[in-house]
Amino acid sequence: MNKYLAAKVSELNVNPRKIVQVNGLEIGLFHIKGAYYAWRNICPHAGAPVCQGLISGTTLPTHVYEYEYGLEEQVLRCPWHGWEFDLTTGKHLVEGSKTKLRGYEVVVENGKLYVLMK
Ligand code: FES
């Protein structure tokens, strides 16, 4: 595994998202609830720049006529067709879906964020 410098930690203090080039790939870095995540900026549905989508929460699975909102500031909504992904796992938020964002491990060292890739 190779370690690539992606950004300074301070760059994600105010805005929780930064899109960077790492090893020739466009990656979205996210600071979500104290942890850092790196996702490839390609939607698994049809290739949109998914990391540019809205960050919000979503309605959670409930019984009929019940509405519960959750995962606040943890959901990424693709700008093209609205598919939603959990930014902490990359999982597509549809029951039974096996689709995920392509992710990379992030390492924090001396105030800098590194992405691990082959
Ligand atoms: S390209 Fe992302 S939801 Fe269609």
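Here are some friendly notes on the structure above, which is a predicted model.

1. **The chain as a whole.** Let's start with the secondary structure. The chain has zero helices and 10 strands, so if you walk along the sequence you meet the pattern β-β-β-β-β-β-β-β-β-β. The radius of gyration is 15 Å, close to the 13 Å that the globule rule gives for 118 residues, so the chain is as compact as a globular protein of that length. Along its principal axes, the C-alpha trace spans about 50 × 30 × 20 Å.

2. **Burial and contacts.** How many of the residues count as buried? Of the 118 residues in the chain, 25% do. Now take the contacts between residues at least 6 apart in sequence: 46% of these join residues at least 24 apart.

3. **A sheet of three strands.** Look for the open sheet with the order S1-S10-S9, where the pairing is antiparallel. Strand S1 (2-8) and strand S9 (106-109) stand at the edges; each has a single partner strand, so one side of each is left without a neighbour in the sheet. On average, neighbouring strands here are turned by 35° against each other, direction ignored. As a reminder, strands of a sheet pair through backbone hydrogen bonds, either parallel or antiparallel.

4. **The hairpin of S9 and S10.** Zoom in on one pair from that sheet. S9 and strand S10 (residues 112-117) are paired in the antiparallel sense over four bridges. Glu 109 stands opposite Lys 112 in S10. Two residues lie between the strands of this hairpin, and Asn 110 takes a positive phi near 50°.

5. **The hairpin of S2 and S3.** Which residue in the turn between S2 and S3 has a positive phi? Asn 23 does, with a value of about 50°, and this hairpin has two residues between its strands. Strand S2 (residues 17-22) and S3 run antiparallel and are joined by six bridges. Across the pair, Val 22 stands opposite Leu 25 in S3.

6. **The nonpolar core.** The largest nonpolar core has 24 residues, and those with the most contacts inside it are Ala 6, Ile 27, Leu 29, Ala 38 and Val 115. At least two residues of this core come from each of S1, strand S3 (25-32), strand S4 (35-40), strand S6 (69-77) and S10. Which strand gives the largest share of the core? That is S4, with four residues.

7. **Leu 29 up close.** Leu 29 is a good residue to click on in the viewer. Not counting residues up to four places away in sequence, Leu 29 touches Ala 6, Ala 7, Leu 12, Arg 17, Lys 18, Val 20, Tyr 36, Ala 38 and Leu 113. Two of these names, Ala 6 and Ala 38, also appear with Leu 29 among the core residues with the most contacts.

8. **His 45 in its loop.** Finally, find His 45 in the loop between S4 and strand S5 (54-59). Is His 45 buried or partly exposed? There are 14 other C-beta atoms within 10 Å, and 20 or more would be needed to count as buried, so His 45 is partly exposed. Leaving out residues up to four places away in sequence, His 45 touches Cys 78, His 81 and Trp 83. His 45 and His 81 are 36 residues apart in sequence, while their C-alpha atoms are 8.7 Å apart in space.

Note on methods. Residues are numbered from 1 along each chain as its sequence is written. This is a predicted model: local features need pLDDT of at least 70, side-chain atom pairs count only at pLDDT 80 or more; totals for chains, interfaces and linings use all residues. Two strands pair if DSSP finds at least two bridges between them. Axes are lines fitted to C-alpha atoms, for helices over the stretch in contact, and angles run from 0 to 180 degrees between N-to-C directions. A nonpolar core is a set of buried Ala, Val, Leu, Ile, Met, Phe, Trp, Tyr and Cys residues joined through C-beta atoms within 7 Å. A residue is buried if 20 or more other C-beta atoms lie within 10 Å of its own, exposed if 12 or fewer, and partly exposed in between; C-beta atoms are placed from the backbone. Two residues are in contact if their C-beta atoms, placed from the backbone, lie within 7 Å. The radius of gyration is taken over C-alpha atoms; the globule rule is 2.2 Å times the number of residues to the power 0.38.
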